[in-house]
Amino acid sequence: MRASRLVSLLLLLQARGRMTAQELSTALEVSVRTVYRDVESLGAAGVPVYADRGPTGGYRLLDGYRTRLTVDEAETLFLTGMPGPAEELGLGTVLAGAELKLLAALPGELGDRAARARDRFHLDAPGWFRATEPTPHLAALADAVWRERMIEIRYRRWKAPQEVDRRLAPLGVVLKAGRWYLVGRADTEARAYRIASVLDLTVLDEGFERPADFDLAAFWQGWSRRYEESVYRAEATVRMTVAALDLMPFVFPPAMSRAARAAAGPVDNAGWLYTVVPIESVRHGHIELLKLGADVEVLAPAELRTAFAATARALARRYRVAPD
């Protein structure tokens, strides 16, 4: 949302000429301090924004400076339109209206090429075999993020106590494989919360100061990597075929597959190798490694090997072939 705010600020200066920080703050519905940071960001990006001092001063663009869309930019701009997620955020009609205005403003050739891009590319965010999660509080959370308003939530988590109350400064929302997450700061620590697990929400009148150095994309990249690593608290030592190792990226979560392939030893003459697979628990390892069938042999831990032996015996009894 910050990127779109920067574009809005630029277009305001282009359309209206000189504007004070307070006028920009009112037009963009953000704090004056946020305007100062945004102007600095535009300047750092090479946009010629100048500040005139005095009672009649304000910010203005260098005379003659105008934004221009290239052919490639006009085509790709419509690839950012996500009607499904925008609708969930409560912005469906806003997005549709903005796209119509943009199409109307573009010269004929650029408008035609942008529309063709929309006809030829489609984003389907949810993963296969997954229904969209109900997120009744999503639009209100997104609005609190945009207006920089503190929130209080009742949240359901996996560990006890399962229902907890949190007071947060909402910094952003993230769509990951069809699942929406809120990034919120409690005190000085930012964390991610699954929005489908938000049971109750109160948006407060109290505002907050968004950290100037907070980068939502960088935070999400680091948090998701740490989350994946924290989930796998144990490991299984296995012997498997090369075919099983090649199959892992298609049937295992990425973190499991990457680690197993990185730890794989040399292949023997029979086409088998040794490796270590990260697992959440014995039960989780049992479920996941069974996907490889007879192409894997569990060596450790002993509890997991025992579970596999019991499953093999049960399967042998179930599928015993009657003698001729």
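This passage walks through the aromatic pairs and salt bridges of a predicted model.

On the aromatic side, a search of the whole structure turns up six pairs. Take Tyr 155 and Tyr 193, which meet edge-to-face, with 5.3 Å from centre to centre and 90° between the planes. Their partnership links distant parts of the chain: Tyr 155 sits in strand S3 (residues 149-156) and Tyr 193 in strand S6 (residues 189-194), 38 residues apart. Tyr 155 and Tyr 193 are both buried. Elsewhere, ring pairs join Tyr 181, Trp 220, Trp 223 and Tyr 227 into a cluster. A charge gets involved with a ring too: Arg 239 lies over the face of Trp 272, 4.2 Å from the ring centre.

As for salt bridges, the count comes to 14. Glu 133 is a handy place to start. Arg 179 bridges to Glu 133, with the closest N and O atoms 3.3 Å apart. That contact spans 46 residues, from Arg 179 in strand S5 (residues 179-186) to Glu 133 in the loop between helix H7 (108-120) and helix H8 (138-147). Arg 194 also forms a salt bridge with Glu 133, at 2.3 Å from N to O. Arg 194 belongs to strand S6 while Glu 133 is in the H7-H8 loop, so this pair ties together parts 61 residues apart in sequence. Glu 133 counts as buried because its relative accessible area is 15%, under the 20% cut-off. Arg 179 is buried as well, whereas Arg 194, at 29%, is partly exposed.

Another salt bridge pairs Arg 305 with Glu 297, the closest N and O atoms being 3.2 Å apart. Here Arg 305 is partly exposed at 38% relative accessibility, and Glu 297 is partly exposed at 28%. Finally, salt bridges with shared partners connect Arg 18, Asp 52 and Arg 60 in one network.

Note on methods
Residues numbered from 1 in each chain as written. Predicted model: local features only at pLDDT ≥ 70, side-chain atom pairs only at ≥ 80, totals over all residues. Heavy atoms only, no water. Phe/Tyr/Trp six-rings, centres within 6.5 Å; stacked < 30°, edge-to-face > 60°. Helix = DSSP H or I, 4+ residues; strand = E, 2+ residues; numbered from the N terminus. Buried < 20%, exposed > 50% of the residue type's maximum accessible area, 1.4 Å probe, protein only. Lys NZ or Arg CZ within 6 Å of the ring centre and 35° of its normal. Salt bridge = Lys/Arg side-chain N within 4 Å of Asp/Glu carboxyl O.
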